[in-house]
Structure formats: structure tokens, C-alpha cells
Amino acid sequence: MNSKSDIKKVTRIEEARGFPAVILLDNTNACNLRCSMCDHVNMKHHRPLARMDYGLYTRLVDEIALERPDARVWEIFFGEPFLCPDMAERIRYAKDRGLTDVVLNSNGVLMSERKARAVIEAGLDAIYVGIDASTAGTYAKIRVGGNFDRAVANVLGYRDLLAALGRPDQKLFVQFVVSEPNENEVEAFRAFWNSHGVNVKIRPKVSWAGLVSAENLNDNEDVTRKPCYWLMRTINICADGRVALCSVDVHCRVPCGDATTTSIKDLWAGRLADFRRMHREGRFDQLPAMCRDCRDWQSAYAEYHAPGASGSK
């Protein structure tokens, strides 16, 4: 897999009707790193650092449990989950309400044994840890402020805890976002982690709707545009309850409602539905500028490699 996005693999374009299939809840938008492929450093210009009110969180989970308990629920949108002190409690609440696919993404640096054990025992279904390098030197260029050896050790510790606690149903993935600095390390990354019994997810870089450079993306005028997976299937709820346009609208530059006053079902049927219709009908020129000019839909796919096997999705 090289750094260039392969639009032939962008096939997940079907709309989630009635209720989103994927829900991102920004339980905290704080982060401990300053990654080169991320624009978190500029978030303060758009929305304050915050933790989602627990009452709002439980109301949202209650609605998901009623409407679509098998939806994939990411407990984080644009932050580091291990900076949320009650993350395990929030996961346990979601699992107790019957949600079947509760997941986290993390950089792994703060994932100590105590914190890992807490989320595992709370019933977390899967965790995706972004490392993006097979060497410490490349890691330092990408995961700025992180610690390569600690992240690797923490992932291996999580793997061991899953075995010790008898949780084979809970999944662990390490993630590699392909870009120019690391594209020559893809195979080494896959081989190392698969040899250690850990699943690997490899995906292309996104630009966060133009906020960072993504050399892998083609100009829209050179390719036939498809509906965007993140817009068609996912709702993204910020820590303060505002709803972002899509999963790459990390600064909520195009707000699409307020979850503190409106249900997820009604939000999905509101302004977001208008934008999904424009995508279905190919009326991309009528979209807000951020969405109209965005190329990130080209990176809406990933490859998954399990120990002893490989595949793509």
C-alpha cells in the first residue's frame, strides 16, 4: 500500500436511513500529542477544551439503545480517551444499556495497565491505537510529543491483559495512517504487530477537510466524486453538544444542530439529511464550501491484517 489514495476501494457509500450507523461522541476533546497529520493544535480557535456533560452522554446513549443498539459508537471524536477520568464508567453505562459495538481510538501513550484494565473490565468491544510507524525516528516526526517505546509497550500490555482477563471477544488493533514520511514502513509495521498477535489497520491519510496537507489525495476535478462515507453513515457530536457536518469537520466549522436540545434521530433527519441528499444526487456544487472542496472521501477505506491472515475493508 503506497501513500496514494485508491478511489477504487471507496465503496462504502450507502446511506444509513432513519438513524446513523456510526456515532462519535466527543467525551473529551483534549489531547496529549501534537501529531503532524492532525489539526488539534488549532482547535482552541473554534471550540474550547471540554468534557461532555455526563447527563448529556447518558441521554444520547439511552436513545442509541432504543433506536439502534448495534450502531458503532466511538467514545471519542477528536481527543484522547485516557484524558477522560471517567471513561471506563461511560463505557460501562453504554454496555449496560445494551450497546453492542462500543469502541475507542487512542494514541496509547497514556494507556497504563490500570487504565487499560478499567476499560477492558467495563466491556469495551474494541480499541484502535494509532502508532503510524515501525521506528522511533519516524514516529517522532508524526506523533509529535509521544513516546514510541511506551506506546508499543502499552499495546503489548493491553494484549496481555485481554488474555489474562479471558476477553477473547474484545478486539485490539494498531493503526497505521499512510503518508510520505512512513510509506516505506507499512510492511515492517504489519509484520511486527501480526507476529505479536495484534490486528493491524492500515488506512490513507485525510486532510481534515483541507486543514492539513494530504499529498495522497487527487484533485476532485481529476476523478469522479462519490458520496462521502463519513457524511452518509456517521453523526459526530462535540463535547458541548454541537453536531459537526462529518467526521473530518473536527472544528465543527459547519454546525448541524445541537444534541443538548434535539434527539439524534431528529438531527439525522434535519440539515444532515439535506447534505446527504446532495451527495446522493451528485449536487456537490451546492454543498457548504468546506464539504464542496473536500477530497477526504477518497480515503474512506482501510485494510485489515489479522495475525496469520490479511484482508481489506
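**From the whole fold to one helix pair**

Of the 313 residues of the protein, 55% count as buried, a class that requires under 20% relative accessible area. The structure shown is a predicted model, and the description below moves from the whole chain to a single pair of helices.

The overall dimensions come first. Along the principal axes, the C-alpha atoms of the protein fill a box of roughly 50 × 45 × 35 Å. A compact globule with 313 residues would have a radius of gyration near 20 Å, and the value for the protein is 19 Å, which agrees.

Within this box, the protein has 10 helices and 10 strands. Among the contacts in the protein with a separation of 6 or more, 75% are accounted for by residues 24 or more positions apart.

One pair of helices may now be examined in detail. Helix α3 covers residues 113-122 and helix α5 covers residues 148-164; their axes come within 10 Å and cross at roughly 45°. That angle makes α3 oblique to α5, because it falls outside the ranges for roughly parallel (under 35 degrees), roughly antiparallel (over 145) and roughly perpendicular (65 to 115). The crossing in which α3 passes α5 is right-handed.

Which residues make the contact between α3 and α5? On α3 they are E113, A116, R117, V119 and I120, while α5 contributes Y158, L161 and L162. Sorted by class, this contact of α3 with α5 has 6 nonpolar and 2 charged residues, and no polar ones.

Conventions. Residues numbered from 1 in each chain as written. Predicted model: local features only at pLDDT ≥ 70, side-chain atom pairs only at ≥ 80, totals over all residues. Heavy atoms only, no water. Axes fitted to C-alpha atoms, helices over the stretch in contact; angles between N-to-C directions. Helix = DSSP H or I, 4+ residues; strand = E, 2+ residues; numbered from the N terminus. Left-handed = near helix turned anticlockwise from the far one by under 90°. Contact = heavy atoms within 4.5 Å. Nonpolar A, V, L, I, M, F, W, Y, C, P; charged D, E, K, R; others polar. Rg over C-alpha atoms; globule rule 2.2 N^0.38 Å. Buried < 20%, exposed > 50% of the residue type's maximum accessible area, 1.4 Å probe, protein only.
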